[in-house]
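Please open the structure in your viewer and keep the selection tool at hand. This tour proceeds by stops, each giving a selection and a description of what is found there.

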Amino acid sequence: MPFDDLSLTDLTEFAKSRGGACLSTEFSGPNEPHRWRCGRNHEFQASPVLLIHGGYWCYVCFPSVSDQSGWDYDEIVLTDPLLHQFHRA
Ligand SMILES: [Zn+2]
């Protein structure tokens, strides 16, 4: 399992790359739920594998992959450095 060597530092760096933060104070395992906050101040819970390997992020900003009606992409790119980098207005 390649995610076993993740550390809290990795989670913090990953969250930062999405413009957010990892709120958990310790790494409890790649498949264990951790607390996160996105750049628009929504707090949510998800496992590191789901976010890093699965590509998911904040459930409020991205309600469902198959339903984009709730997405406010122009707002999201303002706080997500990764998406902002590739955003074309
Ligand atoms: Zn959000």
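**First stop: the sheet.** Select the three strands of this predicted model. They form an open sheet in the order 1-2-3, with antiparallel pairing. Strand 1 and strand 3 are the edge strands, since each pairs on one side only. Strands of a sheet pair through backbone hydrogen bonds, in either a parallel or an antiparallel sense.

**Second stop: strand 1 beside strand 2.** Select residues 21-22, which make up strand 1. This strand and strand 2 are joined in the antiparallel sense over 2 bridges. Which residue of strand 2 is the bridge partner of cysteine 22? The partner is tryptophan 36.

**Third stop: strand 2 beside strand 3.** Now add residues 43-46, which form strand 3. Strand 2 and strand 3 run antiparallel and are joined by 4 bridges. Keep tryptophan 36 selected: phenylalanine 44 in strand 3 stands opposite this residue. Tryptophan 36 therefore has a bridge partner in strand 1, cysteine 22, and a residue opposite in strand 3, phenylalanine 44, with strand pairing through backbone hydrogen bonds as the general rule.**Fourth stop: the turn and the faces of strand 2.** Follow the chain from strand 2 into strand 3. The hairpin of these strands has 5 residues between them, and asparagine 41 takes a positive phi near 70° there. Then return to strand 2 and select residues 34-37. Which residues lie on the covered face of this strand, and which on the uncovered one? His34 and Trp36 belong to the covered face, whereas Arg35 and Arg37 belong to the uncovered face.

**Fifth stop: valine 49.** Select helix 2, residues 48-53, and find valine 49 within this helix. Valine 49 counts as partly exposed because 17 C-beta neighbours lie inside 10 Å. Beyond its neighbours within four places in sequence, valine 49 is in contact with Phe3, Pro30, Asn31 and Gly54. For a distance to display, choose valine 49 and alanine 15: they are 34 residues apart in sequence and 13 Å apart in space, C-alpha to C-alpha.

**Sixth stop: tryptophan 71.** Move to the loop between helix 2 and helix 3 (73-79), where tryptophan 71 is placed. With 13 C-beta neighbours inside 10 Å, tryptophan 71 counts as partly exposed. Its contacts, leaving aside neighbours within four places in sequence, are with Phe62 and Ile76. Cysteine 61 is 10 residues from tryptophan 71 in sequence, and the two are 5.9 Å apart in space, C-alpha to C-alpha.

**Last stop: the whole chain.** Clear the selection and show the entire protein chain. How many helices and strands does the protein chain contain? There are 4 helices and 3 strands, and from the N terminus on the elements run α-β-β-β-α-α-α. The C-alpha trace spans about 40 × 25 × 25 Å along its principal axes. A compact globule of 89 residues would have a radius of gyration near 12 Å, and the 13 Å of the protein chain agrees with this. Of the 89 residues, 20% count as buried. Among the contacts with a separation of 6 or more, 26% are between residues 24 or more positions apart.

Terms used. Residues numbered from 1 in each chain as written. Predicted model: local features only at pLDDT ≥ 70, side-chain atom pairs only at ≥ 80, totals over all residues. Rg over C-alpha atoms; globule rule 2.2 N^0.38 Å. Buried ≥ 20, exposed ≤ 12 C-beta atoms within 10 Å, placed from the backbone. Contact = placed C-beta atoms within 7 Å. Pairing = 2+ DSSP bridges.
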